Amino acid sequence: MEEKNAFVEGPVLGSLLRFAGPVLGALILQAAYGAVDLLVVGRFGDATSISAVGTGSTFMNMVTFVISSLAMGATVTIGRHIGERRPGDAGKAAGTTIVLFSVLGAALTVLLELLAGGFTAILQVPAESVTKTITYLRICSGGLLVIIAYNVISGVLRGVGNASLPFVFVGIACVVNIIGDLLLVGVFHLDVAGAAIATVGAQLVSVMISFFVLRRQKLPIAFSREACRIDKRELRMILNVGVPIALQEAMVQVSFLVINSMINHMGLIQSAGYGVAQKITSFIMLVPSTVMQSVSAFVAQNMGANRLDRAKQGLFTAMATGCVLGAVMFCAGFFGGSAMSSLFSPDAAVIAQSADYLRGFAADCVLTCILFSSIGYFNGRGRSIPVMLQGITSAFCIRIPVSVFMSRLPQASLVLVGAATPITTVYGIGFFAVCFLLLRKNGAF
């Protein structure tokens with residue numbers, strides 16, 4: 001096994017940082033897709049365009065997050081096989097993943113194309129932005145297979161401990177997307193349609209290059225074309241981990257869509273401001289997301305190698321490191337919201353609404369590093385049922401009710417709505433504290 005894949009040896013912090021660095025870089029560039037779309041549309045369009053891209057990209061992010069969460073089942077399964085030194089089974093898991101997600105992608109593409117108009121009604125998109133939002137959704141949905149292909153490739157590579165190649169692939173896509181946005185939106189004035197075409201086209205280029213590169217890479221799995229079939233044992237392992245994680249993520253994202261719908265109902269300026277804030281929070285939350293993915297892969301390989309103590313050490317190391325970085329993100333969101341928002345829109349009213357939401361949201365930057373470390377640990381151990389239960393109860397018992405309550409207070413503002421997220425995270429931390437106590441009582445932690 002290559003040194004860079006050796007999660008089971010050497011200093012824990014060093015192993016996590018070597019993996020987390022490229023993961024964070026890839027997530028930053030991936031978040032830049034929607035951000036660049038919004039930034040360019042905000043400069044060349046108006047509030048209706050900002051609202052359309054903000055709402056449309058939030059919905060597509062939900063779909064992407066659910067897909068990548070399901071792909072976590074492949075990451076954990078392959079990582080466990082690598083820790084067990086069973087490259088043949090890792091290859092079967094990779095082949096099963098490819099077939100599974102090809103079928104899923106085709107089905108989702110048809111579904112989203114047919115229901116794009118219905119989703120805009122559910123999300124209560126402002127009337128002025130409905131047509132543009134439908135256009136954005138349909139173009140992005142048409143490229144869903146490309147988006148799925150990227151996430152499958154990334155999931156497989158992270159499962160073997162290689163986070164560098166996904167970083168390279170998404171970097172290429174980001175550059176192509178920026179060029180496409182400037183040409184299609186800035187030069188040819190295609191507005192939201194141009195932004196959507198640029199996004200899909202950029203990911204297509206990235207996937208084509210990734211296939212070319214991977215054919216020449218030597219990976220620690222025994223993979224061949226014949227492995228591209230459903231292996232029942234591997235499918236069961238992937239789904240046992242991935243489905244609860246995907247359901248958890250789906251419920252979380254649905255709760256945010258409900259909040260988006262509620263804010264859309266408040267008015268066009270609030271909708272546009274929230275759309276800008278969501279793009280900024282997508283960057284702020286990259287640190288916790290990196291922590292979760294790194295802990296999942298680290299724990300999976302160490303559990304496969306029967307090194308429980310090292311897996312637990314990785315959890316606490318990730319929590320501490322993530323909180324330090326999260327504190328920096330807190331300062332950026334709480335004190336620098338207006339400056340960051342002005343990058344996406346010159347409209348003072350939109351900037352003010354975005355900054356309000358960020359001030360309420362900012363505490364979540366630190367809290368989520370603790371929560372996501374816990375989620376990553378349970379994912380890596382293949383115990384994703386607690387993750388699913390936490391996600392569902394957080395979404396529907398805490399986040400949505402608290403958001404609704406905050407929005408109905410006298411002189412309600414986006415500061416109060418934004419505060420619902422860190423309140424929800426506090427509940428999640430308490431939930432996993434109980435889970436860890438139960439594991440410890442059973443001698444499994």
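This briefing describes selected helices, pockets and nonpolar cores of one protein structure. The model is a predicted one, and every value below is computed from it. Helix 2, which spans residues 47-83, recurs in several of the topics, since the largest share of the largest nonpolar core comes from this helix and helix 2 also supplies at least two residues of the lining of the second largest pocket.

**Helices 2 and 6**

- Helix 2 (residues 47-83) is made of 37 residues and reaches 51 Å from its first C-alpha to its last, which is close to the 54 Å expected at 1.5 Å a residue.
- Most of helix 2 is covered, with 32 of its 37 residues buried, and just after this helix R85 takes a positive phi of about 60 degrees.
- Helix 6 (residues 164-187) has 24 residues and a reach of 34 Å between its first and last C-alpha, close to the expected 34 Å at 1.5 Å a residue.
- The buried residues of helix 6 include L165, P166, F169, V170, A173 and C174 in its earlier part as numbered, and N177, D181 and V185 further along; just after helix 6, H189 takes a positive phi of about 55 degrees.

**The largest pocket**

- The largest pocket holds about 710 Å³ of space and is lined by 21 residues, of which I98, I153, F211, L214 and F223 lie nearest its centre.
- Two or more lining residues come from each of helix 3 (87-122), helix 5 (144-159) and helix 7 (191-214), and helix 5 provides the largest share, with seven residues.
- By class, the lining of the largest pocket comprises 16 nonpolar, three polar and two charged residues.

**The second largest pocket**

- The second largest pocket has a volume of about 410 Å³, and among its 22 lining residues M62, V63, V66, A250 and V254 lie nearest its centre.
- Helix 2, helix 3 and helix 8 (232-266) each give at least two residues to the lining of the second largest pocket, and helix 8 gives the most, with nine residues.
- The lining of the second largest pocket divides into 21 nonpolar residues, one polar residue and no charged residues.

**Nonpolar cores**

- The largest nonpolar core has 65 residues, of which F59, I78, F101, L144, I221 and Y357 touch the most other members; helix 2 contributes the largest share of this core, with twelve residues.
- When residues up to four places away in sequence are not counted, I78 touches A90, A93, A94, V156, G159, V160 and I221.
- Another core, of 31 residues, lies apart from the largest one, and its members include M292, V299, L371 and F372.

**T368 and G430**

- T368 is found in helix 14 (residues 364-380), and this residue counts as buried because its relative accessibility of 2% falls under the 20% cut-off.
- Leaving aside neighbours within four places in sequence, T368 is in contact with M285, P288 and T425.
- G430 lies in helix 16 (residues 414-441), and G430 is classed as partly exposed because its relative accessible area of 33% lies between the 20% and 50% limits.
- Although 59 residues separate G430 and L371 in sequence, these two residues are 9.0 Å apart in space, C-alpha to C-alpha.

Note on methods
Residues numbered from 1 in each chain as written. Predicted model: local features only at pLDDT ≥ 70, side-chain atom pairs only at ≥ 80, totals over all residues. Heavy atoms only, no water. Helix = DSSP H or I, 4+ residues; strand = E, 2+ residues; numbered from the N terminus. Expected span 1.5 Å × (residues − 1). Buried < 20%, exposed > 50% of the residue type's maximum accessible area, 1.4 Å probe, protein only. 1 Å grid on protein atoms, 1.4 Å probe; cavity = no way out; pocket = protein on both sides within 12 Å on 5 of 7 lines; lining within 4 Å. Points joined across faces, edges and corners; volume = space filled by probe spheres on them. Nonpolar A, V, L, I, M, F, W, Y, C, P; charged D, E, K, R; others polar. Core = buried A, V, L, I, M, F, W, Y, C linked by side-chain atoms within 4.5 Å. Contact = heavy atoms within 4.5 Å.
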